[in-house]
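User: Please take a close look at the salt bridges in this model. I am new to this structure, so explain where the partners sit and how covered they are.

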Amino acid sequence: LQEVTASSRHYVDRLFDLDPQKVLQGVIDMKNAVIGNNKQKANLIVLGAVPRLLYLLQQETSSTELRTECAVVLGSLAMGTENNVKSLLDCHIIPALLQGLLSPDLKFIEACLRCLRTIFISPVTPEDLLYTDATVISHLMALLSRSRYTQEYICQIFSHCCKGPDHQTILFNHGAVQNIAHLLVSTSYKVRMQALKCFSVLAFENPQVSMTLVNVSVDGELLPQIFVKMLQRDKPIEMQLTSAKCLTSMCRAGAIRTDDSCIVLKTLPCLVRMCSKERLLEERVEGAETLAYLIETDVELQRIASITDHLIVMLADYFKYPSSVSAITDIKRLDHDLKHAHELRQAAFKLYASLGANDEDIRKKIIETENMMDRIVNGLSESSIKVRLAAVRCLHSLSRSVQQLRTSFQDHAVWKPLMKVLQNAPNEMLVVASSTLCNLLLEFSPSKEPILESGAIELLCSLTQSENLALRVNGIWALMNMAFQAEQKIKSDILRGLSTEQLFQLLSDSDVNVLMKTLGLLRNLLSTRPHIDHIMSTHGKQIMQAVTLILEGEHNIEVKEQTLCILANIADGTTAKELIMTNDDILQKIKYYMSHSNAKLQLAAMFCISNLIWNEEEGSQERQDKLRDIGIVDILHKLSQSSDPNLCDK
């Protein structure tokens, strides 16, 4: 280090010369020495050039020319490695440069902005540094009118520092839309491009910005029309992609209809083009991910996309070639693409998930694409968590198909890697994986047996205790599916795994979805007579308590109806009936619901009664007498006069 730095020391020494002219010449020489020379940059930083350059930059007595040259050298140092940027940040370069923006001299302002731009686009710089002082944003907005360089750099700073809704709101409230819109028709391509990028990050998942953009016009033309012009094939790819992202965000926010021609005939085909194997890796990744987002919730767009340019087959190439032959102009590119090939797989899984979200025919086409199921199975065990998550999303989308659950899913035993994914996964992954498991546990799915043998009950019972609502719902939903028409051993295992305390916990959950699924589980557990009698002999007291609790609580009609259906199932047991007949409180409740204003509840209550009074069953006479005594027959007489034909018949 000493040898290397010795040759660089004279550059730093000259910064301390008493003659301002020599200092200026020293800075200019330093500028020429560091351009494109990372080693030289590192040496000068080690030798302490940065604090001195910042001192000169901030000195009122320094000439504007010197201050400008200092900003240029600092910008050049920032262009080096991430460590260089860290060293600059440690010397508090950002406040110094922001202060410099208050100077009247345009050349100096531009040099400060260029340096700020380079620092802010580095991944090591925290975006929040731009927002610490509220006056900075408004000052930057004011500087937008100064020159095409201020426009380019400021837009680039904004688009890199706008992460999430809070930043979007700050920029929006400072008039970003109005101040940047006219830059879309600038004569400078770089300015147009950076302005477009700004809009793409401002509008992303932001309805407020999107709704505003629709009505903004520049030179008599509305922004969506300007974006559509930027989508055309003769425009640079980066411009096509970014304007497609703007239109996609506006469409997803509801600012543009999904059947608008600018989406169906322009945006969607443009994004499909980006998926072609002629495009560069990052273009294919961004194209597929944006398209997945565009069509995610719209069946019609999913259908159109699936038949555009053989998209489903085209995506299969994402698993084969990280780069097309035409794109490999150098070994560096090939090396880069091989390192990033996992991003292609992630993007393909995401897009397949969106394509297959609703339409059975599309799912069939996806699954019939070469080796598709093998690819998903491999994706579930990749080292990259993002690929695993995308593969699970894709599997979840395809698992909505009854046909596929019976065939492809069975042939490839997808439940095995899925159960593995469910061990110690982060919540986002668990939610999608457990939703998929719910589908694999449906009664007609052949995967049900092996999943049970691999310890699913324990896993699902633990999900029902999660803080995360979606996980609680999925855990109980999967158990409900598992219990449907299951054998008695499985039902007992579920009850043992859940524990009575946990069952009560779920029945008093504040979320109605959890409550409904728990009642669904109870209803499925209490089906077929021997099972009903067995479960009620071991858990009868607690279940009756739970039923009472819900019928007395403030719950909606669906919840009460489901609870009465559980009572009707209990009434269908041979020995379980007695738990109702010896419980006057419950009998009074059934009587109350027979006279309820809601017909669904009246019907459900009558089911309970009819299951208690079958003549051919032992003890029916005593039960009928008791029900007659508490006034059930009178209510039945009244209901036989009802205007509702269902109630009448029953």
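Analyst: A residue is called buried under 20% relative accessible area, exposed over 50% and partly exposed in between (1.4 Å probe, protein chains only). The model is predicted, so local features need pLDDT of at least 70 and side-chain atom pairs pLDDT 80 or more, while totals for chains, interfaces and linings use all residues. Residues are numbered from 1 along each chain as its sequence is written, and side-chain values use heavy atoms, with hydrogens and water left out.

A search of the whole structure finds 35 salt bridges (a side-chain nitrogen of Lys or Arg within 4 Å of a carboxyl oxygen of Asp or Glu). Among them is the one between the side chains of Asp29 and Arg14, where N and O are 2.5 Å apart. Asp29 belongs to helix α2 (residues 20-34) and Arg14 to helix α1 (residues 2-14), so this pair ties together parts that are 15 residues apart in sequence. The helix names follow DSSP runs numbered from the N terminus: H or I of at least four residues for helices, E of at least two for strands. Asp29 is partly exposed at 25% relative accessibility, and Arg14 is partly exposed too, with a relative accessible area of 26%.

Another salt bridge joins Lys245 and Glu286, whose closest N and O atoms are 2.5 Å apart. Here the partners come from distant parts of the chain, with Lys245 in helix α16 (residues 237-252), Glu286 in helix α18 (residues 281-295), and their positions 41 residues apart in sequence. Lys245 has a relative accessible area of 27% and is therefore partly exposed. Glu286 counts as partly exposed as well, at 30% relative accessibility.

Helix α18 takes part in a further link, because it holds Glu289. The side chain of Glu289 meets that of Lys350 in a salt bridge of 3.2 Å, N to O. Lys350 lies in helix α22 (residues 341-355), and the two partners are 61 residues apart, in distant parts of the chain. Glu289 is partly exposed at 27% relative accessibility, and Lys350 is partly exposed at 29%. Elsewhere, salt bridges that share partners connect four residues into one network: Lys277, Asp317, Lys320 and Glu370.

Helix α16, which carries Lys245, also has a part in covering another helix. That helix is α15 (residues 223-230), where six of the eight residues are buried, leaving it mostly covered. The buried residues of α15 are Leu223, Pro224, Ile226, Phe227, Val228 and Met230. What covers them includes, besides α16, the helices α13 (189-203), α14 (207-214) and α17 (261-274), and the strands β1 (217-218) and β2 (221-222).

For a buried residue to set beside the salt-bridge partners, take Thr118. Thr118 sits in helix α8 (residues 106-120) and counts as buried at 7% relative accessibility. Leaving aside residues up to four places away in sequence, Thr118 is in contact (heavy atoms within 4.5 Å) with Gly75, Ala78 and Met79. Contacts between helices can be listed in the same manner. In α39, Ile590, Tyr593 and Met594 meet a set of residues in α40, namely Leu601, Gln602, Ala605, Met606, Cys608 and Ile609.
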